[in-house]
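Hi,

Here is the structure I promised to pass on. Have a look at it first, and then read my notes underneath.

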Amino acid sequence: NGGVSSARNAGVALAQGEYVMFVDSDDALSPDALSIFSAQTQEHPDIVIGGFNIYQGEIPFGTIIPFESEYYPFAGLSEFLDATMHRCGELFRGPWAKLYRLSVIRKHSLHFDESLSYAEDKLFVYQFVNNITSAASVDVPVYEYYRRPGTLSGGKTSARRLDQLLDAVPLYAEAFVA
């Protein structure tokens, strides 16, 4: 009962294998997500980013996908960032729809900041990406993201949410400078 960041950190601490993935309790993986991701791990990238379908309640709202299925070695990371983060920043909205190499998380002691209750998930993604040496993308939806009324991500901006975001800004700056 420590919250989503605590649960994710506990899961990572117990994880075994080469990769980890995060799935929120109110979302779902697309039917072939794991086989699609698995096909992109043959080169052993540090991260694999997939697309996702967005639903407003149960109504389809849109789809966000990378521009191509591609492997990016270290020399191609600027191309990866341009093709994903710069042209389609929505791909970095949350920790889901991605595979993360567990050894990168452990080597750099990455974790979800349990002191934050807003934007901590995106902060983890940025900190992870700041430590990668290779990446891959898949140009199909592998995740079903549900926006629900009354949730933190589905709610309107409030003074409380802005305060929470301001708490995270120095940590985001540190993630990009490091």
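Below is what turned up, going from the charged pairs to the aromatic rings and then to one of the helices. Keep in mind that this is a predicted model.

**Salt bridges**

The structure has four salt bridges. One of them joins Asp-24 and Arg-8, with 2.5 Å from N to O. Arg-8 belongs to helix α1 (residues 4-14) and Asp-24 to the loop between β1 (19-20) and β2 (28-29), so this contact ties together parts that are 16 residues apart in sequence. Neither partner is out on the surface: Asp-24 is buried at a relative accessible area of 18%, and Arg-8 is buried too, at 8%.

Next, have a look around Arg-101. Which residues are linked with Arg-101 in a network of salt bridges? They are Glu-18 and Asp-46. The Arg-101 to Glu-18 bridge comes in at 2.7 Å, N to O. That pair links distant parts of the chain, 83 residues apart, with Arg-101 in strand β6 (residues 98-101) and Glu-18 in the loop between α1 and β1. On the other side, Asp-46 and Arg-101 have their closest N and O atoms 3.1 Å apart. Asp-46 sits in the loop between α2 (33-39) and β3 (47-56) while Arg-101 is in strand β6, so here the parts tied together are 55 residues apart in sequence.

As for how hidden these three are, Arg-101 is buried, with a relative accessible area of 11%, and Asp-46 is buried at 6%. Glu-18 counts as partly exposed, at 35% relative accessibility.

**Aromatic rings**

There are 14 aromatic pairs in total. One of these is Phe-22 with Phe-112, an edge-to-face pair with 5.1 Å centre to centre and 85° between the planes. Phe-22 is in the loop between β1 and β2, and Phe-112 is in the loop between α4 (102-107) and α5 (120-129), so the two rings tie together parts that are 90 residues apart in sequence. Both Phe-22 and Phe-112 are buried.

Another edge-to-face pair is Phe-52 with Trp-96, at 4.9 Å centre to centre and 85° between the planes. Since Phe-52 lies in strand β3 and Trp-96 in the loop between α3 and β6, this pair ties together parts that are 44 residues apart in sequence. Phe-52 is buried with a relative accessible area of 0%, and Trp-96 is buried with 2%.

Phe-22 and Phe-112 also belong to one aromatic cluster, along with Tyr-100, Phe-124 and Phe-128.

**Charges over rings**

Two of the residues above turn up again here. Arg-8, the salt-bridge partner of Asp-24, lies over the face of Phe-112, 5.1 Å from the ring centre. Over the ring of Trp-96 you will find the charged end of Lys-98, 5.8 Å from the centre.

**Helix α3**

Which residues of helix α3 (residues 77-86) are buried? Leu-77, Phe-80, Ala-83, Thr-84 and Met-85 are. Looking down the axis of α3, these buried residues fall within an arc of 160°, so they line one face of the helix. The face turned away from that buried side carries the exposed residues Ser-78 and His-86.

Cheers

Key: Residues are numbered from 1 along each chain as its sequence is written. This is a predicted model: local features need pLDDT of at least 70, side-chain atom pairs count only at pLDDT 80 or more; totals for chains, interfaces and linings use all residues. Side-chain values use heavy atoms; hydrogens and water are left out. A salt bridge is a side-chain nitrogen of Lys or Arg within 4 Å of a carboxyl oxygen of Asp or Glu. Helices (H or I, at least four residues) and strands (E, at least two) are DSSP runs, numbered from the N terminus. Buried means under 20% relative accessible area, exposed over 50%, partly exposed in between (1.4 Å probe, protein chains only). The arc is that of the directions from the helix axis to the C-beta atoms. Rings of Phe, Tyr and Trp (its six-membered ring) pair if their centres lie within 6.5 Å; planes under 30 degrees apart count as stacked, over 60 as edge-to-face and the rest as tilted. A charge sits over a ring if NZ of Lys or CZ of Arg is within 6 Å of the ring centre and within 35 degrees of the ring normal.
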